[in-house]
Amino acid sequence: MTPAQPPSLDSSQTQPSCSATPASANPAQCGSCAPKTSRRDFLKAGGMLSLSSLMGTGALMTHSDDAHAAAEWGEHFQKNYRLMTEQEKIEARDRLQRRYSAEYGKPVSVDITGAQPGVLMGYALNIRKCIGCRRCVHACVAENNQSRGTRPGEKIEWIQVLRMERGKFEAEKMDHGYPEGLGIQVGGNAYTPAGQVLEGQFHYNPEAVPEKDATYMPIACMQCEKPPCVKVCPVRTTYREGDGPVVIDYNWCIGCRMCMGACPYWARRINVTTPVLPKAEMNPVTHYLGNRPRMRGVVEKCHWCLQRTRHGRYPACVEVCPVGARKFGNLLDPESEVSKVLERKNVFRLKADLNTFPKFFYFYD
Amino acid sequence: MKKIAIFTVALALCGGALYAAFALNSAQEEAAPTLAAQEAKDPLVCFESRKGASEVEQREIKPGLPNVKCSPTTGAALWYGDPFDGTVPMGKMPGLEKLPEGHAVVKPRSEKLAILPMCGTACHNGVGPSANPPALPKDKRPTAIPVMESLVPDLKDLQHGRGRIWCLDCHHTTKRDKLVDHFGDPISFDQPQLLCGKCHGDKLRDWRDGIHGKRIGEFASDGKKRWFTCTECHNPHNVQDGERNRGFIQLQPEPPPQLPNGMKDARHELVHPVAH
């Protein structure tokens, strides 16, 4: 390695140091030690070294319990999910099933079902009905294997329930604006938090909801038809599936968080720590693009419970909403709940001015 | 050369063996407490939409897959493994004829109403203490009957219809374990929508189309669904609860998310307002 080092007589000792740096910036550095050994020795040493490391890997991989190592080995060589052939997808699925089953001590299935023909998923939420009980948030966690630790960054929830102040305009405040006593430039009621989301107000925790002075608005991934997160992803690991949802191939995510910055709906979360997922709480019914356990350093978000919806079942948040505010269905079917909502109710999309065209609609009676 | 190679091989094998040994040990350690915890657990019952209506008991459908997950904080049902657990076909419902047979199911309410089987036999059996058959009251003002009020406490302050309706507008005159429709025919307690739709027709229409109320199961418009009936979410005797203001009974929320780093409490912005 270092040219100043005196060449040793035992060629076997200097050998690995030379062969280990084939891409040296200065080839002349290595050239000084090259003549000390023959080509045969070099090849022999290299061969032995790779043989031994292969045997080591083999020893690790062939052990019956260690599906984890086998899966990691295979995952290093797999393609982006969208570029995989059917056969490769099946291999990836089997690999993950073995790995997760060993890891969580129960049979875990990893689904690779693709988009179903004639389906475009859509979602509608009645903000008039929402009482802010956060059952959807926790149903989502139970279904989708999010990290649920207690230290900072270990607790991940995909749905956020915003609490908005109802506020109140008062006659007494009329003259208390700026300038003082006149309140012309800035009215006295300027700081009334009516219909406003304050940063801390996601974390409301009263005895009982709904509170008298608040309205609630749950937000999660809007599954945009023109998703900004997909535009910015440098490795194209996040993309829109044929039936609507925007998904992530976690194996190709590099954790750069570009998508988190691009999303106007604060929908994406990153695993800054190794996810904390107790074995007993792990949901064994998973989808490759959906709720399979994630690794550290990847971004995740709502995918409308692909492992359920691809098989015709409602997403978990829809099923637990105690007031029935959440509606899910096929936008192409005129008889579906979402189509009926669009047909009959007053509907809006959140931040429609950004031209993201969400398939998540808010409505009210 | 060879020495190094042999040494490396030996090291790799030792490493493999060591790793395996440790992995086995840790697996055993982790397995022991979970087993003990499972045995010690009592059957867990959680409520579904509102407290006092439908309940569901937790059990395993498959190893490691429960039929329902309950919230440790509030005791509410948080996740359904089997949406059709304990359901029966809904029965005839006008407007839903297009649905395939058996694709609309409900959870029977009448089983949960503990005193219901007694209503028609013990007291409202058509044999009164003074008259046979008993005469109906002369006026339609609800009379305070102590036994009835102790059985159903909500009756002390009936909040339905703002004083314009009384018991027998909804309950059958002679068959007290049934509800009543416009023609005086009995309606099962499992199909309250047929009764409620008498007045709340717009809500019935939305419910039938799946816009109002809750359904779980398959999302396709002709898929199999469990329909939540009116009384599973609304308490008919207590619809105008004074404590609430948003059309639904107040309940305890699930725990909040983590606070952002550096924020002490949720009132951060109210305590430190943005200066103008």
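**Exercise 1. His138(A)**

Task: In this predicted model, find which helix of chain A holds His138(A), and work out whether His138(A) is buried or exposed.

Solution:
- Start with the secondary structure: His138(A) sits in helix 6 of chain A, which covers residues 135-144.
- Next, take the accessibility. Buried means under 20% relative accessible area, so His138(A), at 13%, counts as buried.
- Now look for the partners. Not counting residues up to four places away in sequence, His138(A) touches Glu157(A), along with Leu78(B), Glu254(B) and Pro255(B).
- Finally, check a residue far along the chain: Cys317(A) is 179 residues away, yet the C-alpha atoms of His138(A) and Cys317(A) are separated by 8.4 Å.

**Exercise 2. Lys359(A)**

Task: Which side chain makes a polar contact with that of Lys359(A), and which backbone oxygen does the Lys359(A) side chain reach?

Solution:
- Place the residue: Lys359(A) is in the loop between strand 11 (346-348) and strand 12 (360-364) of chain A.
- Judge its cover: Lys359(A) is buried because its relative accessible area is 2%, and the cut-off for buried is under 20%.
- Follow the side chain to Glu225(A), where a polar contact of 2.5 Å joins the two side chains.
- Then turn to the backbone: the Lys359(A) side chain reaches the backbone oxygen of Gly244(A) at 3.0 Å.
- To complete the picture, survey the surroundings. Leaving aside neighbours within four places in sequence, the contacts of Lys359(A) include Leu120(A), Met121(A), Met222(A), Arg240(A), Trp304(A) and Leu331(A).

**Exercise 3. Arg292(A)**

Task: Decide whether Arg292(A) is buried or exposed, and find which side chain is joined to that of Arg292(A) by a polar contact.

Solution:
- Arg292(A) belongs to the loop between strand 8 (285-287) and strand 9 (299-300) of chain A.
- Its relative accessibility is 0%, so Arg292(A) counts as buried.
- The polar partner is Tyr100(A): the two side chains are joined by a contact of 3.5 Å.
- Beyond four places in sequence, Arg292(A) is also in contact with other residues, among them Leu96(A), Asp249(A), Tyr250(A), Asn251(A) and His287(A).

**Exercise 4. Val272(A)**

Task: What does Val272(A) touch, not counting residues up to four places away in sequence?

Solution:
- Locate Val272(A) in the loop between strand 7 (269-270) and strand 8 of chain A.
- With 40% relative accessibility, Val272(A) counts as partly exposed.
- The residues it touches are Gly153(A), Arg257(A) and Arg296(A).
- For a distance check, take Val299(A): this residue is 27 residues from Val272(A) along the chain, and their C-alpha atoms are 9.0 Å apart.

**Exercise 5. Backbone exceptions**

Task: Inspect the backbone at Pro179(A) and Pro210(A), then at Arg236(A) and Lys351(A). Which residue is joined to Pro179(A) by a cis peptide bond, and what is the phi of Arg236(A)?

Solution:
- Begin with the usual pattern: most residues other than glycine have a negative phi, and most peptide bonds are trans.
- Tyr178(A) is joined to Pro179(A) by a cis peptide bond, with omega about 0 degrees.
- Val209(A) and Pro210(A) are likewise joined by a cis peptide bond, with omega about -5 degrees.
- Pro179(A) is in the loop between strand 3 (160-165) and strand 4 (214-219) of chain A, and Pro210(A) lies in the loop between strand 3 and strand 4.
- Arg236(A) is not a glycine, yet its phi is positive, at about 50 degrees. Arg236(A) is in the loop between helix 7 (228-232) and strand 5 (238-240) and, at 60% relative accessibility, counts as exposed.
- Lys351(A) also has a positive phi of about 50 degrees without being a glycine. Lys351(A) lies in the loop between strand 11 and strand 12 and is partly exposed, at 33%.

**Exercise 6. Chain B and its surface**

Task: How many helices and strands does chain B have, and which residues form a nonpolar patch on the surface?

Solution:
- Count the elements: chain B has seven helices and 12 strands.
- Consider burial: of the 276 residues in chain B, 33% are buried.
- Turn to the surface: chain B exposes about 16700 Å², with 59% supplied by carbon and sulfur atoms.
- Pick out the patch: Ile145(B), Val147(B) and Leu151(B) form it, with about 270 Å² of accessible area together.
- Zoom in on Val147(B), which lies in helix 3 (residues 146-151) of chain B. Exposed means over 50% relative accessible area, so Val147(B), at 52%, counts as exposed.

**Exercise 7. Confidence in chain A**

Task: Where in chain A does pLDDT stay under 50?

Solution:
- Take the whole chain: the average pLDDT of chain A is 86, and 86% of the residues score at least 70.
- Then go to residues 1-22 of chain A, where pLDDT stays under 50.
- For that stretch, the model has 16 contacts beyond four places in sequence.

Note on methods: Residues are numbered from 1 along each chain as its sequence is written. Chains are lettered from A and ligands numbered from 1 in the order in which they are written. This is a predicted model: local features need pLDDT of at least 70, side-chain atom pairs count only at pLDDT 80 or more; totals for chains, interfaces and linings use all residues. Side-chain values use heavy atoms; hydrogens and water are left out. Patches are made of residues with over 30% relative accessible area and no salt bridge: like charges are joined within 9 Å, nonpolar side chains (Val, Leu, Ile, Met, Phe, Trp, Tyr) within 5 Å. Accessible areas come from the Shrake-Rupley method with a 1.4 Å probe; for residues, only the protein chains shown count as cover. A salt bridge is a side-chain nitrogen of Lys or Arg within 4 Å of a carboxyl oxygen of Asp or Glu. Helices (H or I, at least four residues) and strands (E, at least two) are DSSP runs, numbered from the N terminus. Buried means under 20% relative accessible area, exposed over 50%, partly exposed in between (1.4 Å probe, protein chains only). pLDDT is the predictor's confidence in each residue, from 0 to 100. Contact means heavy atoms within 4.5 Å. A polar contact is a pair of N or O atoms within 3.5 Å; within protein, one must be able to donate a hydrogen and the other to accept it, and residues adjacent in sequence count only if both atoms are side-chain atoms.
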